[in-house]
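User: Please take a close look at the aromatic rings in this structure and explain how one pair of them is arranged. I should also like to hear about the nonpolar surface.

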Amino acid sequence: MSLMKRKQSISPFRIIIAGFLAVILVGSLLLMLPISSREGCITPFLDALFTSTSAVCVTGLVVYDTAVYWSAFGQTVIIILIQIGGLGVVTVAGAITILSGRRIGLMQRSTMQEAIAAPKVGGIVRLTRFILRCALIIELTGAVLLFPVFAKEFGLLKGIWYALFHSVSAFCNAGFDLMGIKEPFSSLISYGSNIIISTVVPLLIIIGGIGFLTWDDIRTNRIHFQKYRMQTKVILTVTGLLLLISTLYFFFFEFADIPVGRRILLSFFQAAAPRTAGFNTADLTEISEAGQLFIIILMLIGGSPGSTAGGIKTSTLAVLLAAAVAVFRRKGEPQFFMRRITAETVSQASTILMMYLVLFLTGGLIISRIEDLPVITCLFETASAIGTVGLTLGITPELGEVSHVILTVLMFLGRVGGLTLIYAALSNTHNSNARLPQERITVG
């Protein structure tokens, strides 16, 4: 009886955290093996842990260049970890259960619901099948589109591997690349003028970043925007506006001296990648400080709930803006598309924003003091870590062990979500119905 109660007391949030930790640990051990490195040496545990965490949390920050340091086996381990992390550990586990023909219990369904931010438990198995089918089709389509470019440059077999690796990495918003054979840590800079790479990769990032629930809604209601759920409308609207504003900013302020054709490609790519995949086709160290700060903001915003992306999420940003507008206009409650937003949702959005800002700023300041580096440079790295982006100004491989541990923790927190950790820690606390006396406090 006590065992039954103990099983029932394990919250879905704890299962999600335990699942991510288990996969990260297994990945770390596999990457430590001599077969995982090109030189056949044992990779230090902290470096393997950093790489495994970055892959599972679909971040893209690395201490070793992926193409130069890791062997074919090591790269395969990394891409598998990216796929598991992108789809979600619980989703992958649920998919294995479904494919094996075993029955999925209520506890498993509840955990799967929390993992993909589904609105209800009902239909969760159908949704999981849709996620797997959708991911497979999109990743294979992306690989087919990328193949001609890589096959022309690297040959048939290597072209297939490069196309598949970068398609999965882009769709899962991971940002791992194999371009280090040209120049270490160069990402996709050499393809800044290539129209296929500069359109297919950001489109994969956007598709993976808007979320499977959004695509399920689009599949159900086609192009009938009015029939979409409110969340879908908000996600599509905010995503579109962010892409438009970001593209215009880079076009007019950062790449103004570049020919128009290439400037459009560079602007669109740099607008899409910071939310939240660590690819880049421009040298970010040559971008102005204002541009780097703009990218930091984009990295913190991230993608959408129930997606392969990280960050505070587009819906969180929308709720906070709607709450501010409601205050400015002296309205009681924020609203979207003729629907009210609850006070609880606004409180959660505020908490998420506060947690991300505290973690991002604290981590950046500590690294700046330890490494004696400019604050803006360190904040760029911590924003990239907590937002699970992977963009870097080039300092990550040179940082010390303490700084690497800080970035590792930030990547993990950014992927599983701060609220998930809080709910996991407080899942057994009993809330009292008693309420304290209310008193007004002046703010602002």
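Analyst: The following account turns first to the aromatic rings and then to a patch on the surface. The model is predicted.

The count of aromatic pairs comes to 17. In one of them, the ring centres of F225 and F337 are 6.1 Å apart and the ring planes meet at 70°, so this pair is edge-to-face; the label applies to planes over 60 degrees apart. F225 belongs to the loop between helix 11 (212-221) and helix 12 (230-254), while F337 belongs to the loop between strand 1 (335-336) and strand 2 (339-340), so the pair ties together parts that are 112 residues apart in sequence. F225 has a relative accessibility of 30% and therefore counts as partly exposed. F337 is also partly exposed, at 37%.

Elsewhere, ring pairs link Y249, F250, F253, F255 and F294 into a cluster. An aromatic ring may also face a charge: the charged end of R263 sits over the ring of F251, at 4.2 Å from the ring centre.

On the surface, a nonpolar patch is formed by L25, L29, F45, L46, V405 and V409, which together have about 480 Å² of accessible area. At least two residues of this patch come from each of helix 2 (12-32), helix 3 (45-56) and helix 18 (401-416). V409 is one of the patch residues and is found in helix 18. Its relative accessibility is 44%, so V409 counts as partly exposed, a class that lies between buried, under 20%, and exposed, over 50%.

Notes
Residues numbered from 1 in each chain as written. Predicted model: local features only at pLDDT ≥ 70, side-chain atom pairs only at ≥ 80, totals over all residues. Heavy atoms only, no water. Phe/Tyr/Trp six-rings, centres within 6.5 Å; stacked < 30°, edge-to-face > 60°. Helix = DSSP H or I, 4+ residues; strand = E, 2+ residues; numbered from the N terminus. Buried < 20%, exposed > 50% of the residue type's maximum accessible area, 1.4 Å probe, protein only. Lys NZ or Arg CZ within 6 Å of the ring centre and 35° of its normal. Patch = residues over 30% accessible without salt bridge, like charges linked within 9 Å, V, L, I, M, F, W, Y side chains within 5 Å. Areas by Shrake-Rupley, 256 points an atom, 1.4 Å probe, with all protein chains shown as cover. Salt bridge = Lys/Arg side-chain N within 4 Å of Asp/Glu carboxyl O.
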